[in-house]
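Visitor: I would like to go through this model and ask how each description is justified.
Guide: Go ahead; here it is.

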Amino acid sequence: MMLLPILAARVTHMIFKRFPASGLRDNVLLPLAGFAGILALWWLIASFRSEIMPTPWEALSANLDFILHPFYRRGPGNLGIGWLLLASIRRVLLGFVLGALVAVPVGFLIGLSRPAMLALNPVIQIFKPVSPLAWLPIALAIFNLADPSAIFVIFITSLWSTIINTALGVSSVPQDYVDVSRVLEMPRWRQLTKIILPASLPYIFAGLRISLGVAWLVIVAVEMLTGGIGIGFFVWDEWSRLNLSSVFLAVFVIGVTGLILDWLLCKLQELVTHRPART
Amino acid sequence: MMNFSTRFKPISDRGSSMITPVLEIENLIKTFPSPKGKNTVVLDQINLTLAAAEFIAIVGHSGCGKSTLLRIVAGLEPVTHGTLRLEGKPISKPGADRMMIFQQYSLLPWLTVRQNVRLAVDEVFKQLPLREKSEIVDEHLQMVNLTAAAEKYPDQLSGGMKQRVGIARALAVRPKMLLMDEPFGALDALTRGKLQQQVLQIWESQRQAVIMITHDIDEAIYMSDRIILMTNGPAATIGEILEVPFPHPRDRDHIREEPAYQQIHAQALDFLYHRFDRDD
């Protein structure tokens, strides 16, 4: 009888040695508990009101085909969820990169020049609160095509946070860094590329991450309106066919993809700035 | 005790006439615009001459404008009146011939230790071949014992190590003058003592003109050849200049036992706490 507690203690000790006590609990058990709670709630609602939604188990078995074969092609428009996701990601990345290419230089200009700030700030303040979807009709009028219009809306979406954060970063470069560049007699252009740009990169990336996050939110809504191939239209299409199980799958996939996109941008930031990104 | 008027002589009259001065400051006045429209005089009638291999310390209470004086010499602040000359030529803008060592280190956090020093070397010695630039960087990292930490980023270093990078960066461009703005002010007492010794040893091995701002009387006596005591602001000026007679290389424990050490210490204390006391 004495042996058992000793053995148990030794085993726990070994486990804790492998995973530090807080690491296992904080990184695995508590997050799992959160997911378990949500699943339980879903299960509870679905069991009592089965006409509203399927249970997690029913949803899983109904989606098995989507999950096991994400990249099937069964005729035009009948594509696996992986293809739909890739189509949405392509639109988001295209719009986002175009947006960043415009927003970072504009933010730089605003951060460096007071006249530019006074001229552009009111415009940005007016456009920023507008739902990006309001731009969709304008985009459709210009392009007459769904795909470029969706990309244009993402482009608009990506501008504001990146412009504002870049301007903030550029205007708040510590005076000490600027003093270093002045003592070293750096020409203006090198001061911009060697000091101001790297010093404001954490702010620029903070802006980019907000922009990409909002862009991923917006693409689902845009695709619901424009149709075509994409995860957003998939949600709407499955709902019209009363396939709620697939909508649950789509919600999960959209969430995980958003997380991965943010994580990738974080990694890019660490690669570029050599400093850990704030998450 | 000496009479005030005999001690308060314009410094240009003193010893430095036999050597060509590196820095000459004549009748410098610095004013800042104040919100009420009238200008606040920060520095009033500063006259100071610095010889080629001289180490001076400027001591004064907070707000006496000593950092402003250093920034003016660095060219980071414009003068209102008066002239500054570096080797006879007027100072009008910042330059790598007057390298600054900052209290908060001012290392660029996205560059490694080596890259921080290299950035300065690249800017100042644009024409040198790459290999020679690397050698200058390596040599100065070695000088401050940072060769092992060369690939680390500033975030990974202690305060003392960061300041050694700052020192290596400043020395690597081989300036005519070194300007140190409370270089040890942000360090703990143990690190401070050690770094003071290291910096003094480097200076003793390759002498050059140094202006160091400090609050610490012991630091000023240990390291410098002359101590400039500033009166309180606004309109601060040089109140008194104390010669530190100890020859270099100096040994801290040894000079502490000298009667002159106690005397200079007492004079500086008397100046700062009795004649120009401040409640802050």
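**Reasons behind the descriptions**

Guide: His274(A), which comes after H12(A), has a positive phi near 60 degrees. Bear in mind that this is a predicted model.

Visitor: How do you know that the span of helix H12 of chain A agrees with its number of residues?
Guide: Helix H12 covers residues 244-273 of chain A, which is 30 residues. At 1.5 Å a residue the expected span is 44 Å, and the end C-alpha atoms lie 43 Å apart, so the two agree.

Visitor: What makes up the domains of chain A, and how far apart are their centres?
Guide: The domain assignment gives residues 3-53 as domain 1 and residues 67-273 as domain 2. Taken over C-alpha atoms, the centres of the two domains are 36 Å apart.

Visitor: Why is the largest set of nonpolar residues called a core?
Guide: The term applies because the members are buried nonpolar residues joined through side-chain atoms within 4.5 Å. The largest such core has 152 residues, and among those with the most contacts inside it are Trp216(A), Ile25(B) and Leu43(B). Helix H10 of chain A, residues 188-226, supplies the largest share, 15 residues. In soluble globular proteins, nonpolar side chains tend to be buried together.

Visitor: Which residues does Leu43(B) touch?
Guide: Leaving out residues up to four places away in sequence, its contacts include Leu28(B), Ile29(B), Cys64(B), Leu69(B), Met230(B) and Ala236(B).

Visitor: Why are strands E1 and E4 of chain B said to pair?
Guide: Pairing requires at least two bridges, and five join E1 (residues 21-33) to E4 (residues 81-86), so the two strands pair. They run antiparallel, with Ile29(B) opposite His81(B) in E4(B).

Visitor: How do you know that E4(B) and E5(B) pair as well?
Guide: Two bridges link E4(B) to E5(B), residues 89-90, in the antiparallel sense, so the requirement of at least two is met. Arg85(B) stands opposite Pro90(B) in E5(B). The hairpin of these strands has two residues between them, and Glu87(B) there takes a positive phi near 45 degrees.

Visitor: What makes chain B as compact as a globular protein of its length?
Guide: Chain B has nine helices and 10 strands. Its radius of gyration is 19 Å, close to the 19 Å that the globule rule gives for 280 residues, so the description holds. Buried residues account for 54% of the 280 residues in chain B. Of its contacts between residues at least 6 apart in sequence, 72% join residues at least 24 apart.

Technical notes
Residues are numbered from 1 along each chain as its sequence is written. Chains are lettered from A and ligands numbered from 1 in the order in which they are written. This is a predicted model: local features need pLDDT of at least 70, side-chain atom pairs count only at pLDDT 80 or more; totals for chains, interfaces and linings use all residues. Side-chain values use heavy atoms; hydrogens and water are left out. Domain bounds come from an automatic or database domain assignment. Helices (H or I, at least four residues) and strands (E, at least two) are DSSP runs, numbered from the N terminus. The expected span of a helix is 1.5 Å times one less than its number of residues. Buried means under 20% relative accessible area, exposed over 50%, partly exposed in between (1.4 Å probe, protein chains only). Contact means heavy atoms within 4.5 Å. The radius of gyration is taken over C-alpha atoms; the globule rule is 2.2 Å times the number of residues to the power 0.38.
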